[in-house]
Amino acid sequence: VLVLALPLVSTTVWTTQIDVLLAFFLILFFYGLWGWAREKRSLAWGLLAGLLGGAALTVKYTAVLGVFPALLILVFLSRDFSSWKKWTGLVGIGILMVLSMLPWLVRNHVYTANPFYPYFSPLLGGRPFPAPNMAGLMGDHEAVLGPGFSPYAWVVRVLTRDLDKTFAPLLLGFIPFFFLGRGRKSATWFLLAIAGLWLPMGFLLSYQPRLMIPFFVLSLTVMGLVLGEVVPKGGTTVWKVAAILFALFSFLSLCRLSTQYYQSQKIWLGEQTPREFLETAPQTSTYFRLAEAAGRFLPDQSRLLVVGDARGLYYPVQFFTNSLFDPQVLPQLARGEKDAGGVRKRLREMGMDALLVSGVEGRRLFENSASYSLAPADENKLDRFIQIWAEPLYLEGSSGIYKIRTTPNLNLTPVPNLVRAFLTKGP
């Protein structure tokens, strides 16, 4: 109940983040790993632990914050350091996890020559990842070792602005640490030890609470185990009532967040239809009409390169977007190809049939960014591509959709170049 009621969990799900999925796989990994240790290291439990640990690692790199402590603690809890079966089992579990990650690592290596791209680029080489982009990525991660981190400011923020919408129920996750006396079951000690290591490791990596959702889920799970062992039968009612009250207060907090930030009450009260809401909500207004236009003007099998925006939730066709921190495809092609025909050829090799330019977001994100900084010759090359190889299908203000032509346009009528709105001059 507490996990499902966490405002932080709910807001993460709303924004299509994957930390809740990571928590699911990690909890199952801990279960499988403990089952392997308890059942005399049977093959079935070892396979289960390896596959679940591999699944967690394929979700997100931060899974290592749970996987590594679990393996380390299991080594020291069993104490039979000379057991051949123990070490071969752990190695086998590790190999299964690596094999699970291998397709993703190989893909990264093929595309960037760095299996962990964009991380460790200075050490592993491969596709360059510009320092400003890495600084922006670390800022987005709220990395502890990044510039400008203030422990005092972080504590103040946790206890003020973020308390009601993300943190309040999470404080319950620390209750088990007050019951660390003797008499706990081995499985409880195992999970307590993982949580004890995970907490400092997690906040040394980042002080962003969303990345710690799996830790809090683990802590709340341990809380249930500990309280089940120390609370008398009559006292369980008290904890049930406490859990229900926390869930209620969390629900009220979510309602406040929903109405103040998302303004979803406009749909509940009938003030807007779902379509009107998406057209006016700050989170979708700049691209929802573009998504509708893509459905009207493009065939179902089209592949779309989105320029100027990383979002694509409502596009009805296949699409390709770049995150803010990645090298942007269109300016990269303008720099790397010899002429407009080369830009068109590379886009077709990527399977792209059309370009969608999100001008409002493009100006907001890239107007003062080096990502769209082009030398005059490259800017002219990109403009020539628009004039010769891009057929306008839909234009509205600074946004629009172009079809990539199969034959060059010999008409002298100028074609509006919407990308120019967020280009910056390069050397």
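**Notes on the helical core and the strands of a predicted model**

1. Leaving aside neighbours within four places in sequence, Ile-194 is in contact with Phe-30, Gly-66, Pro-69, Ala-70, Ile-73 and Leu-218. These contacts come from a predicted model, and they should be read with that in mind.

2. A second, separate core, made up of 28 residues, includes Leu-330, Ala-334, Val-343 and Phe-366.

3. Turning back to Ile-194, this residue belongs to the largest nonpolar core, which has 40 residues, and it is listed with Phe-29, Phe-30, Leu-33 and Phe-190 as touching the most other members. Two or more residues are given to this core by each of helix 3 (19-38), helix 4 (43-59), helix 5 (64-78), helix 6 (84-112), helix 11 (186-205) and helix 12 (213-230). Helix 3 supplies the largest share, with eight residues.

4. The next points concern the strands. Strand 3 (residues 354-357) pairs with strand 6 in the antiparallel sense over four bridges, while strand 1 (residues 303-307) is joined to strand 3 by four bridges and runs parallel to it. Strand 3 therefore has both strand 1 and strand 6 as partners, given that two strands pair if DSSP finds at least two bridges between them.

5. Leu-355 can be followed through both of these pairings, since Leu-355 is the bridge partner of Leu-305 in strand 3, and Tyr-402 is in turn the bridge partner of Leu-355 in strand 6. At Ala-354, the residue standing opposite in strand 6 is Lys-403.

6. Are the two faces of strand 3 buried or exposed? Both are covered, with Ala-354 and Leu-356 buried on one side and Leu-355 and Val-357 buried on the other. Strand 6 (residues 399-404) is mostly covered as well, five of its six residues being buried.

7. Strand 6 also runs antiparallel to strand 5 (residues 390-396), to which six bridges join it, and within this pairing Leu-395 stands opposite Gly-400 in strand 6. The two strands form a hairpin with two residues between them, and here Gly-397 takes a positive phi near 65°. A reader inspecting this hairpin may wish to look at Gly-397 together with the pair formed by Leu-395 and Gly-400.

Definitions and conventions. Residues are numbered from 1 along each chain as its sequence is written. This is a predicted model: local features need pLDDT of at least 70, side-chain atom pairs count only at pLDDT 80 or more; totals for chains, interfaces and linings use all residues. Side-chain values use heavy atoms; hydrogens and water are left out. Buried means under 20% relative accessible area, exposed over 50%, partly exposed in between (1.4 Å probe, protein chains only). A nonpolar core is a set of buried Ala, Val, Leu, Ile, Met, Phe, Trp, Tyr and Cys residues joined through side-chain atoms within 4.5 Å. Contact means heavy atoms within 4.5 Å.
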